[in-house]
Amino acid sequence: MRTLTKLTHVETKLLVREPGAVFSLLIPLFILLAFGGSITEGDTVLLPMAITMAIALVGVYLLPTTLATYREHGILRRLSVTPVRPGNLLVVQILLQFVLTVLAVVLLLVVGTGFLGAGVPSAAAFPVAFALGVASTFAIGLLLAALAPNGRSANGFGVLLFFPMSYLGGLMQPPEYMPDLLAAVGRFTPLGAMRESFHSVWSGGILEPLPLITMAAYAVVLSALAARYFRWE
Amino acid sequence: MAVIEVDELCKKYDGRAVLDRVSFSVEEGEVFGILGPNGAGKTTAVECLEGLRRPDSGTVRVLGSDPLEQGRGLRERIGVQLQHTRLPETIKVWEALDLYASFYSGPRDWRELLERWGLVDQRNTRFGKLSGGQKQRLFIALALVGDPEVAFLDELTTGLDPQARRTTWELVKRVRAEGVTVVLVSHFMDEVEELCDRVAVFDRGDIVALDTPAGLIDGVDPEYRMGFRLMDVGASGTSRTSRTSEPEALLGNLPGVATVSRTGDRVELVGRGDFATEVTAALAREHVLVADLRVDSRSLDDAFVALTGHSFQAAENGAGS
C-alpha cells in the first residue's frame with residue numbers, strides 16, 4: 001500500500017510536469033471559449049463537442065504516448081526486476097489519466113454552463129455516456145500503446161488518428177453540414193457515437209441505444225486486442 | 001558459499017543458440033566479471049539470473065532461489081542496473097530514489113546514498129538534465145537502494161568519458177567493500193581487469209575461460225613489448241662500450257626474449273613471461289644506462305585472441321548486433 005501511494009504520488013507529479021496534460025485541459029477549453037460567444041442560451045451542441053474532444057485528447061493522444069514511452073525507455077522492464085509488478089504502474093497511469101479527463105470535463109461544464117449560458121445536461125444520463133466514452137477512447141489509446149514501437153510513433157499515430165476521427169465524429173463541423181455518407185459512417189466511429197450520446201444527454205436525456213452499443217463494442221474489442229498485443233519490453 | 005549457481009544453461013533465439021550449456025558459479029562477496037564481445041550471450045545469461053528470461057534448459061539458482069518460480073522473494077534481495085533503461089525525463093533524483101526505496105521492505109536510507117554517490121547537489125535535478133556519469137551513478141544507487149545481497153551491473157561504463165569511468169570504477173570497489181556480491185557484465189577488458197576477482201570469458205554463447213584476470217593472462221602467456229633508449233655512453237663514465245653497442249648480444253639470449261631490434265639508440269624487445277625483469281636485471285648488471293624505459297602491460301585483449309583465435313573486434317563485427 002505504501003508503494004502504491006508513493007507510486008501514485010510520483011506519477012501525479014510527473015503528469016503535472018507533462019506539457020501534453022496541460023494541452024489536454026486547455027485545447028478543448030480554448031475551443032469552447034472561441035465558439036462560446038456565438039451560442040444561444042441553452043445550447044445543446046457546443047459542450048458535447050468540446051467534452052468529446054477533451055476525452056479523445058487524453059485517450060487517443062496522451063495515454064498511448066505515456067505508456068509507449070515508459071516501455072521504450074525500459075521503465076516497465078526496470079520495474080519488473082524490483083519486488084513491484086510493472087502492472088501496478090499501468091493501473092496507476094490509467095487511473096491518473098482518468099482523473100485528468102474528469103478534471104478537463106468538469107472545467108468545460110463549469111465554464112460552459114456557468115459563464116457561456118450553454119444548456120445543463122441530464123444528471124442521470126451524463127455518467128453513462130461519459131463512462132462509455134472514456135472506455136472506448138482509452139481502449140484506442142491502449143491498443144496504440146500496445147502496437148507502437150516507441151513513444152514518438154505512438155504520439156504520431158495518435159495525432160494522425162485524432163483528426164480524421166474528429167472530422168467523422170462531427171467535432172470539426174456539425175454532421176448536418178457533412179456529406180450524407182460521411183455523416184452516416186461517422187455515427188459508427190467512437191467519437192461520433194460519443195458526441196451523439198452527449199447530444200442526447202443535453203437534449204432531453206433519452207439515450208439512444210445504438211451509439212452506446214457502438215462505444216461499448218469499441219471498448220471491449222479494442223482493449224481485448226490491446227491486452228493480446230501488449231509487450232512489456 | 002556460492003550465491004549464484006548456473007548449470008548447463010541453454011537459450012535459443014529463433015533457432016540460434018545464444019547460450020550453449022553455460023555453467024559457472026559466483027562466490028559470496030566477489031566481483032564476478034562476465035566479459036565478451038557484443039552478441040556473445042552475456043546479457044542473456046544475466047537476464048536469466050534476474051528472472052527476465054526463461055532458460056530453454058539448465059538450472060539457475062540465485063541465493064538458493066529459482067529466479068522465475070521464486071522471483072518475488074528474490075527481487076527483495078537483488079539489485080539490478082539494466083542496459084538501455086532510462087527514467088522519466090522529468091523525475092527528480094530524490095524522487096526516483098525515494099520511489100524505488102518504497103518498493104523494498106528493508107531499504108537503505110536514500111539520503112545517505114545521495115551523499116555516498118556524489119549526487120547531493122543533483123538532489124532536485126530532473127533525470128533528463130543529468131550528465132551521463134550522473135545518470136549512471138543514479139542507476140547504481142537505485143540498484144543498491146533495496147540493500148541487496150547481489151548486485152547485477154550491466155555495461156555500466158558504456159558511453160562514459162574516461163574520467164567518469166574511473167570514478168564509476170572506484171564506486172564499484174566501494175560496493176564490493178560493503179560486502180555486496182557484484183556480477184559485472186562488460187565488454188571492456190580494462191574494466192574487468194581493474195575490478196573483477198574472477199572473470200568468465202564469453203564467446204559465441206560459450207564460456208571459453210574462467211579465472212582471475214591475472215590467471216587468464218598467465219595461462220595464455222601472450223607476447224608483449226618493452227623498449228628503451230641507450231644513454232650516451234661517454235657521459236656515464238664506464239668503459240663497457242662494446243656491450244652497449246651490441247644490445248642484441250647481451251639481451252637476445254635471455255629467457256623469454258623473442259626478438260630484439262635496434263634503430264639508432266632505440267631498442268625494442270618482444271617476449272613472454274617475465275622477460276622484462278630479466279632484461280632490466282641484465283642491463284643493471286652490465287651497468288648499461290638506459291632512458292625512457294617502457295614496458296607494455298600484458299592485457300586481456302591478447303588473452304582473448306589467444307583463447308578464441310580471433311580478435312575482440314572481429315567477434316563484434318561477426319556478431320552483427
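**Exercise 1. The three-stranded sheet**

Task: In the predicted model, determine in which order the strands of the open three-stranded sheet of chain B are arranged, and which strands stand at its edges.

Solution: Begin with the order, which reads E2-E1-E4 in chain B, with antiparallel pairing in this open sheet. Next consider the partners: strand E2 (16-27) and strand E4 (57-62) of chain B each have a single partner strand and stand at the edges, so one side of each is left without a neighbour in the sheet. From one strand to the next, the twist averages 15 degrees. Looking then at one of the pairings, strand E1 (residues 2-13) of chain B runs antiparallel to E2(B) and is joined to it by eight bridges; within this pairing, Glu5(B) has Ser25(B) in E2(B) as its bridge partner. Finally, helix H1 (residues 42-50) of chain B packs on the sheet, where it touches E1, E2 and E4 of chain B, and its direction makes about 120 degrees with that of E1(B).

**Exercise 2. Two hairpins**

Task: For the hairpin of E8(B) and E9(B), establish which residue in the turn has a positive phi, and do likewise for the hairpin of E11(B) and E12(B).

Solution: Take E8(B) and E9(B) to start with. Strand E8 (residues 198-203) and strand E9 (residues 206-211) of chain B pair in the antiparallel sense over five bridges, and Phe202(B) finds its bridge partner in Ile207(B) of E9(B). Two residues lie between these strands, and Arg204(B) in the turn has a positive phi of about 50 degrees.

Turn now to strand E11 (residues 257-263) and strand E12 (residues 266-271) of chain B, whose antiparallel pairing extends over six bridges. Here Arg262(B) is matched with Val267(B) as its bridge partner in E12(B). This hairpin has two residues between the strands, and Gly264(B) takes a positive phi near 60 degrees.

**Exercise 3. The buried face of a helix**

Task: Identify which residues of helix H13 (residues 300-308) of chain B are buried, and work out why they line one face of the helix.

Solution: First list the buried residues of H13(B), which are Leu300(B), Ala303(B), Phe304(B) and Thr308(B). In a second step, view the helix down its axis: the buried residues of H13(B) fall within an arc of 110 degrees, and therefore they line one face of the helix. As a general background to this step, an α-helix has 3.6 residues a turn, so residues three or four places apart point the same way. To finish, follow the chain onward from H13(B) to Gly309(B), whose phi is positive, near 80 degrees.

Definitions and conventions: Residues are numbered from 1 along each chain as its sequence is written. Chains are lettered from A and ligands numbered from 1 in the order in which they are written. This is a predicted model: local features need pLDDT of at least 70, side-chain atom pairs count only at pLDDT 80 or more; totals for chains, interfaces and linings use all residues. Side-chain values use heavy atoms; hydrogens and water are left out. Two strands pair if DSSP finds at least two bridges between them. Helices (H or I, at least four residues) and strands (E, at least two) are DSSP runs, numbered from the N terminus. Axes are lines fitted to C-alpha atoms, for helices over the stretch in contact, and angles run from 0 to 180 degrees between N-to-C directions. Contact means heavy atoms within 4.5 Å. Buried means under 20% relative accessible area, exposed over 50%, partly exposed in between (1.4 Å probe, protein chains only). The arc is that of the directions from the helix axis to the C-beta atoms.
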